[in-house]
Amino acid sequence: MNIKKTKTKMHTSSLTTWLLREKKETEILLRCIPSTVVSLLVVSVICMNLLANKTLIQTNWIALDGGILISWLSFMCMDIITKYFGPKASNKIALLASSINVLTCLIFYIVSIIPSNASDYTALNTLLGGTWFILLGSTIAFLVSAVINNFLNWTIGKAFWKNPDGKLAYAARTYLSTFIGQFWDNLIFSIIVFVVFAPIFWDGFHWTVLQCTVCALTGAVAELIMEIIFSPWGYRIVNRWKKHNVGQEYLDYMNGGKQ
């Protein structure tokens, strides 16, 4: 019994120590990371959730929702953060963005159900209220794809050990990770929303697995094109951060300066 109590105390102590360490690490990160990139990531995640309510194209073999118009921006921001601060930092900011998105959707929903004597705003209320399984699908898909994207980005970058900060290394890590990450983001989201829940709650409306797969591939290609167009901007941002020692406190802490 005493041995069990001792092990329990040790486990609790280790968990507490880990939580305190993660708390401190996160506080330093949020203090160090430039707000513009974080803001763009958060806004893009919120917009993805809203735009996903509308199907832009649907044929027998392809279907696309409005989220593909903005999702490339969130992945580009994560690529920038991963390159400079590392995948763990990018995962934390992705989790922050998802949390803010959930909170925003909750506020929108509360506003949508408040009675009003004004003119009929049914369409606006529907938009603000959103659909719970779209929020569920987008949150799960984004978090899973964020981890995939950030891990691949960092891993691919390690392969360019001779010139890790070169344009070729940045292009390879961002293009490959974005395409694969976006594919899984689109696929997971569309299957959860349009295969699992839509037939139940939207009067039989649904996408087929083939449509979801083609949507995932088409969206990944479209978003990769946007990444290629705007990645030079991301590359310049990373170099500017490095030139001005942005976030040095966090980098020092992660490189052994933990107190």
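Asn245 and the nonpolar core

Student: Where is the place of Asn245?
Tutor: Asn245 sits in the loop between H8 and H9, with helices being DSSP H or I runs of at least four residues, numbered from the N terminus. This is a predicted model, in which local features need pLDDT of at least 70, side-chain atom pairs count only at pLDDT 80 or more, and totals for chains, interfaces and linings use all residues. Residues are numbered from 1 along each chain as its sequence is written, and side-chain values use heavy atoms, without hydrogens and water.

Student: What about the phi of Asn245?
Tutor: Although Asn245 is not a glycine, its phi is positive, at about 55°. Most residues other than glycine have a negative phi.

Student: And is Asn245 buried, partly exposed or exposed?
Tutor: Asn245 has a relative accessible area of 48%, so this loop residue is partly exposed, which lies between buried (under 20%) and exposed (over 50%), with a 1.4 Å probe and protein chains only.

Student: Changing topic, which residues of the largest nonpolar core touch the most other members?
Tutor: Leu41, Ile81, Phe85, Trp241 and Tyr250 do, in a core of 37 residues; such a core joins buried Ala, Val, Leu, Ile, Met, Phe, Trp, Tyr and Cys through side-chain atoms within 4.5 Å.

Student: Which helices supply at least two residues each?
Tutor: Helices H1 (2–32), H2 (35–51), H3 (71–85), H4 (87–113), H6 (132–159), H8 and H9 (248–254) each do so. H3 gives the largest share of this core, with 10 residues.

Student: Back to H8, then: how exposed is Arg236?
Tutor: Arg236, whose place is in helix H8, is partly exposed, and its relative accessible area is 46%.
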